[in-house]
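Trainee: Could you take me through one part of this model closely? I'd like to look at the surroundings of the ligand, and then at whatever that part leads on to.

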Amino acid sequence: MESDEIRIAIAGIGNIASGLLQGITYLNQFKEEKNKLLHPKIGSYEARKIRIVAAFDIDSTKVQTDISDAIFAPINCTPKLVNVEKLGVQVEKGPVKDGLSEILQKVINIADGEEVDVVSILKESDAEMLICAIPTGAEKAVEAYAQAALDAEIAFINCTPTTIASDPTWSKKYKQANICLIGDDLQSLAGGTVLHKGFLDVLKEQGVIIKDTYQLDVAGGLETLNTLDDDRKEYKRNVKERSIQQSVDNHINLASGTSDYLEFLGNRRIGHFWIYGEGFMNMPVKIDIRLETLDGPNGAATLIDVIRATKLAQRRAGSGPISSICAFGFKAPPVTTNRHNAGKWFDEYIVGKRID
Ligand SMILES: NC(=O)c1ccc[n+]([C@@H]2O[C@H](COP(=O)([O-])OP(=O)(O)OC[C@H]3O[C@@H](n4cnc5c(N)ncnc54)[C@H](O)[C@@H]3O)[C@@H](O)[C@H]2O)c1
């Protein structure tokens, strides 16, 4: 009988990785039946059975340490929510390439020593999928990991906004190799983008024509500092704005993204939403609210569902991008749809009513 354990490798031991490892540990310690994930079980897969078997980073404070220590390196700011025992998985130095923007180079020292052969480590560790959670805009590094997963013949999950799953060339390569490709740009479970789309959906369904809207965040994590770099800021904004624009039929005045880095917020992200629309007889309809969340756990909550669905896809011999998983868990999927359909597609896929 097939094991229901899921062996994952992860590149980038930052706040998402911290949320993921702490989340899996939390589920193992508390065994809550209602665990506040959208899908307590996916097929036969339980979230607590996810096991990290290989890890890559380039930061001198993380490389050559056990991943259970690396997630609490001072530069990561996801709070310690549970005690994580040593896993016996050492963080290895991955390909540096363009991993660090100019701003990040001021706060991260690259570990000494040679870069490892990622493909060999993926094979030796028997990983079934590689999750890429490195900084926004690190295109060459993301591509290096995407190629490594392909060469090791394991699935690739791209949490970053670099276009991989939505790129026809990568998509074709993964399809030809009969390997699943999932992405791009993870969507937090209770995050700004999904909530923004939700408000717009409801207003649209109630006949309101949206005119102007913004969702601007301030936050304190390393990724927020990274997106202060001009090139990388635009990168993330473009993905978020495309994702929001797809929720409405008419062209709207729109801004969405991170507007500033406030170190003292730590892993907290504070989103401000403004929506202006017009209803019956041009009646003005306005929404002005604020959302506060923790980035690491919020992203990990989606990722835990995505990992298990990807395992299911592999078991079903899926190849290339799996539309339903990508649309459900990511802001820039290859096939876009609205929030409601994305959830429906995902649920249909996991019970076998959709083929991709
Ligand atoms: N809720 C969320 O946190 C969330 C939501 C959506 C998307 N994302 C995306 O996920 C990615 C990771 O987010 P995060 O908050 O964990 O970032 P982070 O900045 O906390 O961590 C990134 C890690 O990657 C490491 N790194 C840099 N270059 C590398 C390389 N070449 N190889 C291996 N490691 C490298 C850094 O040292 C750091 O440890 C980002 O691209 C972000 O846009 C995150």
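Mentor: Here is a walk that starts at the ligand and works outwards.

Keep in mind that this is a predicted model. Around the ligand there are 38 residues, and the ones that come nearest are G12, G14, I16, G99 and G299. By class, the shell around the ligand splits into 18 nonpolar, 14 polar and six charged residues. Several elements chip in with at least two residues each: α1 (15-30), β4 (50-57), α8 (222-226) and α10 (295-315). The biggest giver is α10, with four residues in the shell.

So let's stay with α10 for a bit. It packs against α1 at an angle of about 65°, and the two axes are 7 Å apart. The pair therefore counts as roughly perpendicular, and the crossing is right-handed. On the α1 side the contact is made by N15, I16, S18, G19, L20 and G23, while α10 brings D295, G296, P297, G299, A300, L303 and I304. Sorted by class, the residues of this contact are six nonpolar, six polar and one charged. Two names should ring a bell here: I16 and G299 are also among the residues that come nearest to the ligand.

The other thing α10 does is lie across strands, namely β1 (6-11), β4, β6 (129-132), β7 (155-158) and β8, and it runs at about 160° to β8. Those strands belong to an open sheet of seven, in the order β5-β4-β1-β6-β7-β8-β13, and the pairing is parallel. The edges are taken by β5 (91-93) and β13 (320-321); each has a single partner strand, so one side of each has no neighbour in the sheet. At the β13 end, the link to β8 (residues 180-182) is made by two bridges, with the strands running parallel. There L181 is placed opposite P321 of β13.

Follow the chain on from β8 and you get to a backbone oddity. The loop between β8 and α7 holds D184, and the peptide bond from G183 to D184 is cis, with omega near -5°. The sheet has a second oddity next to one of its strands: Q64, in the loop between β4 and α2 (67-70), has a positive phi of about 70° even though it isn't a glycine. Both are worth a mention because most residues other than glycine have a negative phi, and most peptide bonds are trans.

Past that loop comes α7 (residues 192-205), which packs with α9 (residues 230-245) at an angle of about 25°, their axes 9 Å apart. That angle is under the 35 degrees cut-off, and α7 and α9 are therefore roughly parallel to each other. Their crossing is right-handed. T193, H196 and K197 of α7 meet K240, S243 and I244 of α9, a set with one nonpolar, three polar and two charged residues.

For another helix pair, go to α4 (residues 118-125) and α5 (residues 139-152), which pack at an angle of about 45° with axes 9 Å apart. That makes the pair oblique, and the crossing is right-handed. V118, V119, L122 and K123 of α4 make the contact with Y145, A148, D151 and A152 of α5. Here the tally is six nonpolar, no polar and two charged.

Last stop: the other open sheet, which has four strands in the order β10-β9-β11-β12 and mixed pairing. Its edge strands are β10 (253-261) and β12 (284-294), each with a single partner strand, so one side of each is left without a neighbour in the sheet. From one strand to the next, the twist averages 10°. Strand β11 (residues 268-278) and β12 are antiparallel and share 11 bridges. Within that pairing, G271 faces L291 of β12, and H272 has R290 as its bridge partner. Five residues sit between the two strands of this hairpin, where M281 takes a positive phi near 55°.

Methods:
Residues numbered from 1 in each chain as written. Predicted model: local features only at pLDDT ≥ 70, side-chain atom pairs only at ≥ 80, totals over all residues. Axes fitted to C-alpha atoms, helices over the stretch in contact; angles between N-to-C directions. Parallel < 35°, antiparallel > 145°, perpendicular 65-115°, else oblique. Left-handed = near helix turned anticlockwise from the far one by under 90°. Contact = placed C-beta atoms within 7 Å. Nonpolar A, V, L, I, M, F, W, Y, C, P; charged D, E, K, R; others polar. Pairing = 2+ DSSP bridges. Near = placed C-beta within 6 Å.
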